[in-house]
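Please study the sequence and the three-dimensional structure shown below. Then attempt each exercise before reading its solution.

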Protein chains: 4
Amino acid sequence: MPKIVDHNRYRRELLQRALAIFAEQGYGAITMRQIAKRLGVSTGTLYHYFPSKEGLFMQLVQELCERDITDFFDQAPVAAAVGDRLRAVVAFYLENFRFYQQQLLLWVDFHQHRQRAAPDEQPFLQGFWQRTRDRLASYLQLPNPAHVDFVLVFMDGLLLQFLYHRGEIESDWLTQQMEVLVALIDAH
Amino acid sequence: MPKIVDHNRYRRELLQRALAIFAEQGYGAITMRQIAKRLGVSTGTLYHYFPSKEGLFMQLVQELCERDITDFFDQAPVAAAVGDRLRAVVAFYLENFRFYQQQLLLWVDFHQHRQRAAPDEQPFLQGFWQRTRDRLASYLQLPNPAHVDFVLVFMDGLLLQFLYHRGEIESDWLTQQMEVLVALIDAH
Amino acid sequence: MPKIVDHNRYRRELLQRALAIFAEQGYGAITMRQIAKRLGVSTGTLYHYFPSKEGLFMQLVQELCERDITDFFDQAPVAAAVGDRLRAVVAFYLENFRFYQQQLLLWVDFHQHRQRAAPDEQPFLQGFWQRTRDRLASYLQLPNPAHVDFVLVFMDGLLLQFLYHRGEIESDWLTQQMEVLVALIDAH
Amino acid sequence: MPKIVDHNRYRRELLQRALAIFAEQGYGAITMRQIAKRLGVSTGTLYHYFPSKEGLFMQLVQELCERDITDFFDQAPVAAAVGDRLRAVVAFYLENFRFYQQQLLLWVDFHQHRQRAAPDEQPFLQGFWQRTRDRLASYLQLPNPAHVDFVLVFMDGLLLQFLYHRGEIESDWLTQQMEVLVALIDAH
DNA sequence: TATGAATGAGTATTCATTCAT
DNA sequence: CATGAATGAATACTCATTCAT
């Protein structure tokens with residue numbers, strides 16, 4: 001009888017934990033040995049679960065796309081006022097900033113990887129963006145649908161500001177910007 | 001004396017041309033030999049002008065910060081209407097998108113480099129952000145100063161959207177978002 | 001001014017010295033590090049002159065084919081009697097046995113490599129065999145041309161016997177076999 | 001007790017089937033996992049029957065030596081004419097060429113292995129050669145015993161020719177060479 | 001100043017072998 | 001007996017960097 005291991009379950013667990021490692025150092029700067037060590041396994045084991053560094057990375061991107069981030073929004077308070085719903089969304093975003101920042105760093109690495117990679121478009125990307133937009137739209141219930149994208153753009157911009165200033169952003173400034181968004185949109 | 005000028009002039013020329021190379025492939029993926037080859041010099045020469053790969057990269061970031069991007073805004077039309085000035089800024093941004101995207105990719109590499117690097121804050125970064133903000137503010141002349149940051153955040157967000165969707169963004173969508181920004185800000 | 005090195009000349013010198021190493025241990029058993037160490041260079045240098053282990057090996061095979069082994073026969077005594085010419089050939093073969101054994105071992109490795117290799121036939125092989133046969137034929141001047149091949153087959157057979165018995169073959173036995181060949185062929 | 005018989009029987013069956021695998025790719029190029037997969041067992045099972053890759057290989061060589069190949073000759077036609085007996089031997093050899101080629105490749109691997117291996121001579125090798133020679137001698141019944149070795153050398157030579165030319169040898173050439181042998185030996 | 005040959009530590013990956021189940 | 005997950009040393013190969021010319 002073989003050693004009893006749920007191969008797929010364990011693989012996804014490793015994948016989960018690998019996200020932070022990649023985001024922290026970037027695809028090029030991290031080594032398989034370091035990943036293995038931080039995951040507490042040997043390099044051999046890592047290669048038992050993933051075909052290559054590239055394969056591990058791609059599975060990570062895919063996993064991230066399949067994970068339905070917008071689930072969280074469903075648990076958000078169903079506020080009557082548009083402004084409150086906007087504040088709830090941005091607040092949630094800020095609370096999970098570390099995760100979104102990791103995601104951003106992974107995207108950038110992914111972007112640079114696509115340059116030489118085969119041109120077969122990864123279909124999971126499209127679905128991901130569509131779903132994110134739809135969820136946000138149905139939660140915010142804005143009269144003007146273009147404003148949904150505008151909110152998304154705003155939040156992405158906040159992310160970049162964080163990256164540029166290395167997280168040394170005062171919460172006052174954040175609140176201020178959020179209120180600018182609320183004020184602008186709420187006033188039509 | 002003239003030698004020194006030449007040396008420095010040539011160094012900055014190489015630096016200039018190195019930006020695209022780094023941005024294209026990322027710090028980790030590019031090799032000094034590739035850089036040398038694309039610059040049309042030998043590796044020895046490269047090391048004559050730059051102390052190391054890291055040094056070359058850091059000089060690149062610094063160069064980018066010292067370059068006064070906002071100079072361009074000065075040549076922008078001095079429109080009477082706030083909306084037109086906003087449109088001019090965003091239009092200029094979009095026209096030079098490739099450059100800003102390169103800059104973004106460089107920032108990310110820089111960010112991931114800082115992790116292990118010495119924590120001595122690079123002062124040129126602060127100056128850069130301050131200058132950018134000031135120039136934009138003096139051009140736009142918005143009643144509410146918080147709106148200047150909001151515009152910056154918006155433009156960063158657009159950049160990320162481009163990255164995510166690999167540049168396959170319809171110009172209609174861009175125009176729409178720009179007009180949303182104009183409409184929101186222009187209406188106070 | 002660059003370091004003055006005749007790249008191609010040095011490459012062929014390394015190639016020359018690599019033959020014994022490959023023959024001694026076989027393609028699969030030798031490592032690039034070992035080769036480098038025995039050649040007195042670093043692995044980096046080895047890769048500066050050869051693109052890969054496979055490339056080094058293939059160049060070795062090609063070099064061996066281009067080297068005109070039959071040159072030696074030209075310096076052989078031009079004996080009047082067929083038997084003496086046969087003896088001269090076999091004697092020369094035996095004197096250079098170590099080299100031919102190395103060649104054999106290389107061929108076998110090459111054979112096993114071709115299995116998965118691309119089916120584009122290496123053309124240098126054909127020329128090699130043709131030349132060897134022609135030279136031998138013109139030296140031996142046998143009435144029956146089929147006997148030239150027969151002599152080649154005989155010498156290959158001797159080589160295998162050496163391999164099987166690890167070189168522990170008495171010279172009496174060799175002389176005996178050579179005389180059998182001479183007797184058989186000389187008597188038509 | 002019966003268990004042990006089964007164990008041994010199964011071991012030899014695996015051994016038998018492993019010959020082709022080793023000969024096909026060579027000792028260095030084949031992995032234990034590949035062997036296991038092609039034998040339809042797990043690596044664990046393979047290690048249950050053989051102590052190591054080297055052990056498996058050595059048992060293979062030994063098995064090959066103990067297998068009495070010359071048994072086949074006994075079933076050969078007892079021809080009155082020496083020429084016919086020679087033809088029968090060579091014909092049989094040619095019919096089983098694949099096997100002999102595998103054997104040759106195995107020998108070469110074995111030869112290259114002995115270099116670093118302990119110098120304790122494997123005694124089974126000597127017995128093998130003695131037996132082969134004796135059987136061939138008693139079948140051919142040649143007046144001159146040195147001719148028996150000559151025939152062996154000839155057949156080894158044919159094998160090498162096959163290897164060199166990758167089996168692309170015309171049967172006409174083979175027949176011709178065989179007849180040269182017959183003619184030479186038959187005419188004393 | 002410029003070249004590119006040389007270095008060797010470091011990278012992704014493989015593989016014989018072990019061992020818990 | 002049988003399995004295949006786990007290990008880590010070893011392999012082919014790369015690359016920042018140095019240095020003789």
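The exercises below concern symmetry, an interface and salt bridges.

This is a predicted model, in which local features need pLDDT of at least 70 and side-chain atom pairs count only at pLDDT 80 or more, while totals for chains, interfaces and linings use all residues. Residues are numbered from 1 along each chain as its sequence is written, chains are lettered from A in the order in which they are written, and side-chain values use heavy atoms, with hydrogens and water left out.

**Exercise 1.** Determine what turn and what shift lay chain D on chain C.

*Solution.* Step 1: Two copies of a chain are related by a rotation about an axis and a shift along it. Step 2: Here a turn of 179° with a shift of 0.2 Å along the axis places chain D on chain C, with an RMSD of 0.2 Å; the superposition is by least squares on the C-alpha atoms of residues with pLDDT of at least 70 in both copies. Step 3: The two copies are thus related as by a two-fold rotation axis. Step 4: In chain D, the residue that comes closest to this axis is Gly157(D), its C-alpha lying at 1.9 Å.

**Exercise 2.** Describe the side of chain B that touches chain A.

*Solution.* Step 1: Contact (heavy atoms within 4.5 Å) involves 41 residues of chain B and 43 residues of chain A. Step 2: The two chains bury about 4,200 Å² between them, 60% of it on carbon and sulfur atoms; buried area is the accessible area (1.4 Å probe) lost when two parts are put together, summed over both. Step 3: Phe150(B), Tyr164(B) and Arg166(B) lose the most area on the side of chain B, together 17% of what that side buries. Step 4: Between chain B and chain A there are zero salt bridges, where a salt bridge is a side-chain nitrogen of Lys or Arg within 4 Å of a carboxyl oxygen of Asp or Glu. Step 5: Among the helices (DSSP runs of H or I, at least four residues) that each supply at least two residues is H9 (146-164) of chain B. H9(B) gives the most, with 14 residues.

**Exercise 3.** Establish which parts of chain D are tied together by the salt bridge of Arg87(D) and Glu179(D).

*Solution.* Step 1: The side chains of Arg87(D) and Glu179(D) meet at 2.8 Å, N to O. Step 2: Arg87(D) lies in helix H6 (residues 82-95) and Glu179(D) in helix H10 (residues 171-186), so the pair ties together parts that are 92 residues apart in sequence.
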